[in-house]
Amino acid sequence: MSLLALEGLTVDYRTQRGIRRAVDGVTLEVRPGEILGLVGESGCGKTTLGRAVIRVLPRNARIAGGRVLFEGVDLAALSEPQMRAYRWRKIAMVPQASMDSLDPVYRLGDQFREVLTVTGGLGRAEAGERTLALCDLVGLDRRRLASFPHELSGGMRQRAAIAMALALHPRLLLADEPVTALDVVVQHHILRRLRRLTAELDLSIVLVTHDISVIAQTCDRMAVMYAGTIAEVGATAEVFASPRHPYTMGLQNSFPNLVRPEQTLIPIEGSPPDLIAPPPGCRFAPRCPFAVDRCREEAPAPREIERGRWAACHRAEEAGELRAQSRDARRWRVGVR
Amino acid sequence: MRSGSLEALPRPRAAGAAAWRRALGALGSVLRHDPFAAAGICIYAVFVLVALLAPWIAPYDPQQTIVRGDDLMASRPPGREFLLGTTNVGRDIFSQLVYGARPALTVGFAAAFCVTLLGTVVGIVAGYSGGWIDALLMRLADVAFGIPFLPLVIVLVAFLGPSLWNIVLTMALLLWKDTARVVRAQVLVLRERGFVESARVLGASPVRVMLVHIAPNVLPVALLYGSLAVGWAILTEASVSFLGFGDATQISWGFMLQDAYVSQALSSGAYNWFVPPGICIMLVVMAGYFISRGYEELLFPRLRRQ
Amino acid sequence: MTRASSRWIAQRLAQMLLVLWVIATILFLIFRLMPGNPLVAYIDPNFTAEQQRALVHEFGLDLPLWQQYLLYLKASATGHMGQSFFYHAPVAQLVWETLPNTLILTGGAVIVAYLLGTAAGAFFAWRRGAAAEGIGIPLALAARAAPEFWVGMILLAVFSFSLRWFPSSGTASPGVQYASVWQQLTSPDFLRHLALPLATFVLYLQGLPLLLMRSSMLDVMEEEFVVMARMKGLPERRILLRHAARNALLPVATAFALVIGYSLGGDVVIENVFSWPGLGRLLVKAVASKDYPLAQGAFLLIAAVAILMNLLADLAYAWLDPRVSYAKR
């Protein structure tokens, strides 16, 4: 029984130029106690996905279709007061490591107390104790509670954000690029702590990032997202060892490999499609070295290739051979095809 | 490299001229996108026309006390003969209103021009030069903030004499600081930009860089404050005239209000006398606000808020 | 009080004195550069030649310029600002007596206008697209565009002369005496006199906080910590008041400090429309009757009020925004 199950989730943005479908028919599940990595480039819809789950979307966005099943309940169908009961108590979000996620005019301790007493309904004394416990949990110095956000370093702010997210012991944590803006040493510490927390607190985490090395380090399963759709899903080790979607192969090529540093980096040329008027067929086809006519006409639906392994590619069965070809830099150059 | 060698390269000069053209062309863009700004421009246009064509629009001389036979046409109510009625000494209010557009617009545009020019020059010099020049000019501006504006205008105008140009001068002396600050901030950003760097590297003199490269790019911001300054100037002139320190040889809207006030128009309920001049002032100043808001939206567009 | 904050206050006081000194110097120069006889700044032309000579000597007007300047500074600092030509009383006494009236009118108007203005601005930002917004914003703009004395004239004509609800001038009905300032401030008669000038001034001042607060709120509501607050399941009202409005106030506080100089100009004209016996009215009367010592004194005190308001505005901002550290200034 999955903790979170997205079924055909679709999110639209109303813009001046038309409706932009940022998330298109995404089906994904998160199991209890696991860390699911969600990787994709900027603008692929991964942030929107998280915000759609917790249902805090911008004014011009709405869930246009699909279901968001959390512990069996469709969150997309709930009223606002009903949804509020889930927010932070069951599902919490850790935002990007930015300056702005904490109110600059209140001290850290006050902001903890606020969420604990107002949303959590705890008494003041209990809230105070819980705050201290949370600091210890994430490795944040307790004295920092008297500081204002601008007085904290990036690493401290992220720890505070994680502690804040865990305040009411949620079951699901949506972590949106939680370590992107931090240096690698701090990154490592925080990721390690997140792993420990899933075990200690019976917590599931959706770790959204564009950095696949973070996924490799931390996540049990991973999903690759491209232009609002899921390209492939599977256990992290498997997806890394044998990717089935050309986009995933391209991603692997474009990240440096510590073990084989002599391998040249091959970028994926071109840019993601305009989601207001997406091309018919596979979204990745214009940039894909292996696209055939069928790819350009018919959008591939995600298929379960093996148990637990899904891929949205017409040529997923030939993945083995495509993988070998994908190592050739020439294949990725636009115009060679 | 001497700056003279720059004459051989056509690009910097063209870039300068093109930038000026671009800056002024933005006005058309504003008109198209913002109905309020368009309305503002229309109001300005109407008043400018009224001011220019005053002798043809106004039925009487504004200073003339009108007599019919033996009767002085004093305090006449609005009617066919006197569109807005007459003052307590028999002057036609409508004619005064029409002619009043002249000093208002003159002061407004002249003061706005001077304020903008002075503020822009100071802002560019301060921002571009940096160092002690910048520090000195900004210190000056800081101190100026502590000085109450209208009281100083009163004192200066009273001592320099009640003429329109003294009012313009005083305002220019005191109001430059807002424009200067904003322009300076813009210049600080521009200074680091590529095209400025390349001009400097090629040996352009500081004056040339400021004039050809920086000035056209701060022009939009300067114009923004300029359009606000028109409103401030008109309000200031009205206040000064109302207090009795204005130019008595010119019938301005502020003067009309003072005239009405001291002639007990309030207690006699002569709304036809003191309401219209205030409406005119309000319209012109509002037009300035609308134009500057439309312009501001163009320069610093807010992310679309649905 | 921490060492840093007391040092900051000391710095600001020093800056205030600097500005006052600059203003005093400007005044000194104006009188010296004025066309005509510089002596008229101190000496009533109706005095006899002997009296004039005596005064010239007393004020050191026969001394070199720089010595006069120092004497002038010393005199101003100790409150000896000469004798009013018109009232035949010490200038210092006259301006001191009228100061409370200006403070009450200006201070009261600023407090009311900014309270109402920010509340209304926050409301408009919260309820976007309401019909009230389409009317309220142009009205606020119109209030800023209309000359304050003209608004005052209209209010006077309607509410005082036509409807007779309020008196038309002054602070007190004839013959009324007060035992203390407190009694004066709370007496209905005084409040009735205060009502119209205060209303005019508030109408004039509220435009800025209203429009700015609305604009600031709209910006703040897009900020990440507001979105986060919503994700944290906090109630909407709490987010609006304690997070959005609290942060949106900062630009308003900044802007307030910048417009103090202009607000006092509004005070001057309003005092004149309503014959409110404050510094503004005194200044205009003095200038009009060429009572130069009084004009100097009134102006200096008005400038002092402006500087004081600036200091209060700075304090308010520092209190509101913890990112501002006293030490940095």
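Select helix α4 of chain B, residues 93–129. This helix is mostly covered, for 27 of its 37 residues are buried. The model on the screen is a predicted one, and the stops below follow features computed from it.

Keep α4(B) selected and look along its length. From its first C-alpha to its last, the helix reaches 53 Å, close to the 54 Å expected at 1.5 Å a residue. Where does α4(B) have a kink? Select Tyr99(B): a kink of about 25° lies there, shortly before the proline Pro103(B). Next, move to Gly130(B), just after α4(B), which takes a positive phi of about 65°.

Now display the whole of chain B. It contains 11 helices and two strands. Reading along the sequence, one meets three helices, then the two strands, and then the remaining helices, in the pattern α-α-α-β-β-α-α-α-α-α-α-α-α. Of the 306 residues in chain B, 47% are buried. Among the contacts in chain B with a separation of 6 or more, 75% join residues 24 or more positions apart.

Add chain C to the view and turn to the place where it touches chain B. Here 37 residues of chain C are in contact with 34 residues of chain B. On the chain C side, the elements that give two or more residues include α1 (3–33), α5 (131–145) and α11 (236–273). Which element provides the largest share of this side? Select α6(C), which gives eight residues. Colouring this side of chain C by residue type shows 32 nonpolar residues, five polar and no charged.

Remain with chain C and colour it by confidence. The mean pLDDT of the chain is 82, and 88% of its residues reach 70 or more. Select helix α2(C), residues 49–58, where confidence is lowest at a mean of 70. Then select helix α10(C), residues 224–231, where it is highest at 91. The model as a whole scores ipTM 0.83 and pTM 0.81.

Finally, go to chain A and select Arg193(A), in helix α6 (residues 184–201) of that chain. Why does this residue count as partly exposed? It has 15 other C-beta atoms within 10 Å, whereas a buried residue has 20 or more and an exposed one 12 or fewer. Leaving aside residues up to four places away in sequence, Arg193(A) touches Val138(A) and Gly139(A). Add Gly33(A) to the selection: Arg193(A) and Gly33(A) are 160 residues apart in sequence and 14 Å apart in space, C-alpha to C-alpha.

Methods
Residues are numbered from 1 along each chain as its sequence is written. Chains are lettered from A and ligands numbered from 1 in the order in which they are written. This is a predicted model: local features need pLDDT of at least 70, side-chain atom pairs count only at pLDDT 80 or more; totals for chains, interfaces and linings use all residues. Two residues are in contact if their C-beta atoms, placed from the backbone, lie within 7 Å. Helices (H or I, at least four residues) and strands (E, at least two) are DSSP runs, numbered from the N terminus. Ala, Val, Leu, Ile, Met, Phe, Trp, Tyr, Cys and Pro count as nonpolar, Asp, Glu, Lys and Arg as charged, and the others, Gly among them, as polar. The expected span of a helix is 1.5 Å times one less than its number of residues. The bend at a residue is the angle between axes fitted to the seven residues ending there and the seven starting there. pLDDT is the predictor's confidence in each residue, from 0 to 100.
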